[in-house]
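Here's a quick tour of a protein model, from the overall fold to the empty space inside. Have a look at it first.

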Amino acid sequence: MAPPSSLSINAAPSDESEDNEPLLGDDTVPPQCCSARLNLAVLMFLGFSVVYGLRVNLSVAMVAMVNTTDSGPGRNSSVAHACPLPPGSENSSGTFEQPDGTPQYPWDAKTQGWLLGAFFFGYLCTQIPGGYLSGHYGGSIFLGLGVLSTAALTLLTPLAAQWGPYWLFALRALEGLGEGVTFPAMMAMWARWAPPLERSRLITISGSGSNFGAFLAMPLTGYLCQALGWPSVFYLCGGAGCLWAVLWFMFVSDDPRTHRRISKEERDYIVDSIGRQGGGHGWSVPLLRMMMSVPLWAIIVTQMCSNWSFYTQLTSLPTYMNNILHFDLKSNGFLSALPYLAAWLCSVLSGFLADSLIEKKVFSITTIRKLFTLTGMLPPAGFLLAVAYAGCSHVLTITFLTLSSAVAGTSSPGVFINQIDIAPRYAGFLLGITNMFGTIPGVIAPIVTGYFTEDHTLAGWRKVFWVSAAINVGGAFFYTLFGSGDIQPWAVAEDDDDDEGAKRERKRSDST
């Protein structure tokens, strides 16, 4: 896509080619270090670290919450025959050791699958409303309240579990309602804050908090469960979320124009480079034309496919480590977290690489988004199949899972930020739409995994990995065929069209 004239690369497409003009002179770009936009990215990074800790803590704590001795003799025998037990554990009862008086519950695999998927029932419902309202009012209030409400509800988890699985299901669904607005609100804020040549790195830095949060939460959850009992996990994570919300409301502004501590140079740079597309979209959105947009459907389908394997690992990997490979919970949490550490590092580095390629005009934005999406989906599918046939080898399983997640992190500057390319003004609303569809695997995948693995056999888990790999491959090819990085005609504001028309008229007049 050829950048139009003037400072903004978000103006309406022009008939004139400007490939030889620089987007912004180097002397007009304020340093990113310690800048307001980088501070915003760091705060978002911390916020998503917290919310993903709130999301995944149940996945690890579930191992400690469930009393496996009440699960029935047939089930115990199947678990014992899946992989050999570690030396010295053959005569153990299988009960997880934690402080005296810590409650445990006789939940079977199906019940656990429903409880792990409950969060996403609520998460689905607030994606589009959150994106729409964030695009109109600004995203800071919705992101802050989303984290705060989720954290506050997390504090009630031990009480809900004591009352029964139905109460815990309802609580997790309510937590999903609160957290559902966070990612659309983030994208709505970056539509006003992220200069086009820095989008990939700023959005991947902030969004990579999800992987970093999972990396921290999993081993920390395992340690807390053994040292203090599983209820302490939810008290600590909930308290951290409430503390973050206080910092967020103290230091964040919706728009660089209203930020109290931003420099004039940085404010002018952000506003001029984004242009008119950085404003809110008002109450009216071209919904019908959006739903007819092929590039938007390419994002929707591809995110659904990519998220299937992501959510399968996020919610079910600790169970696989415990029931099949027989890691103790401390080792389980740490080893389950390794893939997310690798994914975090790769996503951040790939964001900087993508921006560098865009700035140097090595490839078009469309090509860059497709390249990073392909590398983030095809190789991970192969590594998941390798996990399926690694059997009981601890080393091979952890190696292939880590490689799968690491390479999957390179899709972060691909399809996952494509909304802001095709429609900057509606980026938050579009992310709400795509994330709503992308969350459907979060509801279905844990339930499907629960049914496949009811007997805790390697054959059942092999089906889980095969399904994830096949869906990943299908999504990669769909995006390659139909994805785009160009601003769509329905996303261009009328005043941008008028401005471009006036510019072309002036050029024609000057030439005559």
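What follows covers the fold, a surface patch and the cavities.

This is a predicted model, where local features need pLDDT of at least 70, side-chain atom pairs count only at pLDDT 80 or more, and totals for chains, interfaces and linings use all residues. Residues are numbered from 1 along each chain as its sequence is written, and side-chain values use heavy atoms, with hydrogens and water left out.

The protein has 21 helices and 0 strands (DSSP runs of H or I, at least four residues, or of E, at least two, numbered from the N terminus). Of its 512 residues, 58% are buried, meaning under 20% relative accessible area with a 1.4 Å probe, protein chains only.

Now for the inside. There are 10 cavities of 30 Å³ or more, a cavity being a set of points on a 1 Å grid over the protein atoms alone where a 1.4 Å probe fits but cannot get out. The largest has a volume of about 670 Å³, the space filled by probe spheres set on its points, which are joined across faces, edges and corners. It is lined by 35 residues, and Ser210, Asn307, Phe310, Ser412 and Phe416 are the closest to its centre; lining residues have an atom within 4 Å of a point. H14 gives the most to this lining, with 7 residues.

Among the helices that each supply at least two lining residues are these:

| Helix | Residues |
|---|---|
| H8 | 182–193 |
| H10 | 209–228 |
| H14 | 294–323 |
| H19 | 427–452 |

Back outside, Met250 lies in helix H11 (residues 231–251). Met250 counts as partly exposed because its relative accessibility is 42%, and partly exposed runs between the 20% and 50% limits.

Terms used. On a 1 Å grid over the protein atoms alone, a cavity is a set of points where a 1.4 Å probe fits but cannot get out, and a pocket is an open set with protein on both sides within 12 Å along at least five of seven lines; lining residues have an atom within 4 Å of a point.
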